[in-house]
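Me: Could you help me learn to read a protein structure? I would like to take one feature at a time.

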Amino acid sequence: MPYLVAAVVLLGVLCLLNLLLTVGILRRMRADALRSAGRGDSLFALEPGAPVGEFTAVTVDGDPVTRRDVTGVVGFFSADCAACHDLLPSFVGRARELGRERVLAVVGGDDPATVAALAPVARVVLADLDGGPMARAFQNEWTPALYVVDEDGRIAATDTRIDRLPVPAGRG
C-alpha cells in the first residue's frame, strides 16, 4: 500500500510539472508570435507613424466622417467594457479642452449613457460591437483604445489612458 501512495503522489507531482512547463511554453510561443508579427507586446496594431486606413462613417448627428476629417483624438469605447466607463470622465474632460471638431469617439454596442456623455464634447460614431469600418481602418480590436491622429492622417500616439496622450497640435 505505501508503494501505491508514493506512486500516485509522484505521478501527481509529474503532472503538475508538466502543466507548468506547458503554460510556460505557450507563453513563450505567444510572445514570439507577437514579436515576429512586428507588434512586440503592444496592444495596438497601428503604431506611431502608421497611416490610418480609409473609412466612411456617419456621426449620431448625421454628419459624414472620413479619414481626411480626422485630426486629433480618436477614442474607441464599448458598451460592455468596465474600463471604458472608468475612462469616460477623463476623456470627456480632455475633449472639452480640445474642442468638439478635434475629438472623435466610436461607441460599440448599445450604450445611450456613454453616447449622451460624449455627444456634447465629441463627434460620436455608433458601431456594432466589432467597431465597424473605423475599427478596421485603425486595425483596432479592443477597448478602450485611444489614438492621436496628426494632420497627415498618421498615428502620432496611442494609449489606453487619456492623461498619457500628448495634446494634439491644432489645424492652422
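**Buried residues and rings**

Me: Let me start with one residue: is F138 buried or exposed?

Reply: F138 is buried, because its relative accessible area is 0%. The cut-offs are under 20% for buried, over 50% for exposed and in between for partly exposed, using a 1.4 Å probe and protein chains only. Keep in mind that this is a predicted model, where local features need pLDDT of at least 70 and side-chain atom pairs count only at pLDDT 80 or more, while totals for chains, interfaces and linings use all residues. Residues are numbered from 1 along each chain as its sequence is written, and side-chain values use heavy atoms, leaving out hydrogens and water.

Me: How many aromatic pairs does a search of the whole structure find?

Reply: First, the rule: rings of Phe, Tyr and Trp (for Trp, its six-membered ring) pair if their centres lie within 6.5 Å; planes under 30 degrees apart are stacked, over 60 edge-to-face, and the rest tilted. The search finds seven such pairs. One of them joins F55 and F138, with 6.5 Å from centre to centre and 45 degrees between the planes, a tilted pair. This pair links distant parts of the chain, 83 residues apart: F55 is in the loop between helix 1 (2-36) and strand 1 (56-58), and F138 is in helix 4 (residues 132-138). Helices (H or I, at least four residues) and strands (E, at least two) are DSSP runs, numbered from the N terminus. F55 counts as buried too, because its relative accessibility is 5%. Both rings belong to one aromatic cluster, formed by F44, F55, F76, F138, W142 and Y147.

**A helix and the core**

Me: How do I read a helix, and what span should helix 2 have?

Reply: The expected span is 1.5 Å times one less than the number of residues. Helix 2 (residues 82-98) has 17 residues, so it should span 24 Å; its end C-alpha atoms are 25 Å apart, which agrees.

Me: Where does the kink in helix 2 lie?

Reply: A bend at a residue is the angle between two axes, one fitted to the seven residues ending there and one to the seven starting there. In helix 2, the kink is about 40 degrees and lies at L88, shortly before the proline P89. Just after helix 2 comes G99, with a positive phi near 100 degrees.

Me: Which residues of helix 2 are buried?

Reply: A general idea helps here. An α-helix has 3.6 residues a turn, so residues three or four places apart point the same way. In helix 2 the buried ones are C84, L87, L88, F91, V92, R94, A95 and L98. They pack against strand 3 (72-78), strand 4 (103-108), helix 3 (112-118) and strand 6 (145-149).

Me: How many residues does the largest nonpolar core have?

Reply: A nonpolar core is a set of buried Ala, Val, Leu, Ile, Met, Phe, Trp, Tyr and Cys residues joined through side-chain atoms within 4.5 Å. The largest has 23 residues, and F77, F91, L118 and I162 have the most contacts inside it. Helix 2 gives the largest share of this core, seven residues. A second, separate core has 22 residues, including L46, A50, A135 and Y147. Back to L118: apart from its neighbours within four places in sequence, L118 is in contact (heavy atoms within 4.5 Å) with F77, L88, F91, V92, A105, V107 and V124.

**Charges and unusual angles**

Me: How many salt bridges are there?

Reply: Side chains of opposite charge can pair when their charged atoms come close. The rule asks for a side-chain nitrogen of Lys or Arg within 4 Å of a carboxyl oxygen of Asp or Glu. The count is five. In one of them, E54 meets R67, with the closest N and O atoms 3.1 Å apart. E54 lies in the loop between helix 1 and strand 1 and R67 in the loop between strand 2 (64-66) and strand 3, so the pair ties together parts 13 residues apart in sequence. E54 also bridges to R68, at 3.2 Å between the closest N and O atoms. E54, R67 and R68 are thus linked in a network of salt bridges. R68 counts as exposed because its relative accessibility is 55%. Another bridge joins D159 and R164, with the closest N and O atoms 2.8 Å apart.

Me: Which peptide bond is cis?

Reply: Most residues other than glycine have a negative phi, and most peptide bonds are trans. Here the bond from T143 to P144 is cis, with omega near -10 degrees. P144 sits in the loop between helix 4 and strand 6. Q139 is found in the loop between helix 4 and strand 6. The phi of Q139 is positive, near 55 degrees, although Q139 is not a glycine. At 44% relative accessibility, Q139 counts as partly exposed.
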